[in-house]
Amino acid sequence: MNTILLVDDEQRMLDLIELFLLPLGMKCIKETTGINSVEIIEKEKVDLVLLDVMMPEMNGWEVCKAIREFSNVPIIMLTARSDKADLVNGLNIGADDYITKPFDERELVARVNALLRRTSDSDKSTITYFDFTLDCDTYSLHYQDSTAQLTLKEFNIIKALISRPTKTYTREELLEIAWNYEADTDIRTVDSHIRNLREKLREAKFPTEEFLKTAWGIGYKWN
């Protein structure tokens, strides 16, 4: 049974989402504050978070940032905003997907199932390429004595690239790999994730100039 943490300051919305998910055999934990939701993830096993953006005191973006300091649990943002900049910002700070309110029940269920499926289908092992080791249990990348902790999006991108290191992936391919279904997501989001990923690896003392290369006009490859 998957445990889903629902975070929204409106009790009516929490009850509605729970009504959609309970028939799928999912356990729902309902929370109305961002602060308490972070504490729940620290203490309990949660498989996915549905997180509202517009909340008082601690908004969804702040909650997402706090969660990403210690956990790679999949996060879907729920937002009434349709501005692309806001949506891209949410993805860049560590969210795995977003759903714009008002949403269709079938869309919500499909996105939750897709993200859970992608997480459960990840091989619980390691992938090694020369001095690089991708740990599929901890969602971390290792290079000699250096380690970088990855978000789920970053992990899926790295997993694809390192599994076929000589293949050049188009941005469209990486978008499909990272999101796992058709989504109205700006293709430039891939570039944003790659930039953030490169910066993270540089800070972890990875030789980024030797891998994760840009194929101009096409996309990216590992080597």
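## Exercises on a two-domain model

Across the interface of domain 1 and domain 2, the rule finds zero salt bridges (a side-chain nitrogen of Lys or Arg within 4 Å of a carboxyl oxygen of Asp or Glu). The model is predicted: local features need pLDDT of at least 70 and side-chain atom pairs count only at pLDDT 80 or more, while totals for chains, interfaces and linings use all residues. Residues are numbered from 1 along each chain as its sequence is written, and side-chain values use heavy atoms, with hydrogens and water left out.

### Exercise 1: the domain interface

Task: describe how domain 1 and domain 2 meet.

Solution.
- Start with the bounds: domain 1 is 3-119 and domain 2 is 126-222, as given by an automatic or database domain assignment.
- Next, find the distance: the C-alpha centres of domain 1 and domain 2 are 24 Å apart.
- Now look at contacts (heavy atoms within 4.5 Å): 17 residues of domain 1 meet 21 residues of domain 2.
- Then take the area. The size of an interface is often given as the accessible area lost when the parts come together. Here buried area is the accessible area (1.4 Å probe) that two parts lose on being put together, summed over both. For domain 1 and domain 2 this comes to about 1,500 Å², with 44% of it on carbon and sulfur atoms.
- Add the polar contacts: two residue pairs between domain 1 and domain 2 qualify, both at pLDDT 80 or more. Such a contact is a pair of N or O atoms within 3.5 Å; within protein, one must be able to donate a hydrogen and the other to accept it, and residues adjacent in sequence count only if both atoms are side-chain atoms.

### Exercise 2: the domain 1 side

Task: which elements supply the side of domain 1 that touches domain 2?

Solution.
- Helices (H or I, at least four residues) and strands (E, at least two) are DSSP runs, numbered from the N terminus.
- Helix H4 (84-92), strand S5 (97-100) and helix H5 (105-121) each supply at least two residues of that side.
- The largest share, six residues, comes from H5.
- By type, the residues of this side are seven nonpolar, three polar and seven charged. Ala, Val, Leu, Ile, Met, Phe, Trp, Tyr, Cys and Pro count as nonpolar, Asp, Glu, Lys and Arg as charged, and the others, Gly among them, as polar.

### Exercise 3: two helix residues

Task: where do Ser192 and Ile157 lie, and what do they touch?

Solution.
- Ser192 belongs to helix H8 (residues 188-203). Beyond its neighbours within four places in sequence, Ser192 is in contact with Val88 and Asn92.
- Ser192 counts as buried because its relative accessibility is 10%, and buried means under 20% relative accessible area, exposed over 50%, partly exposed in between (1.4 Å probe, protein chains only).
- Ile157 sits in helix H6 (residues 152-163) and is buried, at 2% relative accessible area.
- Not counting residues up to four places away in sequence, Ile157 touches Leu174, Ala178, His193 and Ile194.

### Exercise 4: backbone features in loops

Task: are Gln144 and Leu212 buried or exposed, and what is the phi of Gln144 and of Leu212?

Solution.
- Gln144 is in the loop between strand S8 (140-143) and strand S9 (146-149). Its phi is positive, about 50°, although Gln144 is not a glycine. Gln144 is exposed, at 54% relative accessible area.
- Leu212 is in the loop between H8 and strand S11 (213-215). Leu212 has a positive phi near 50° and counts as buried at 2% relative accessibility.
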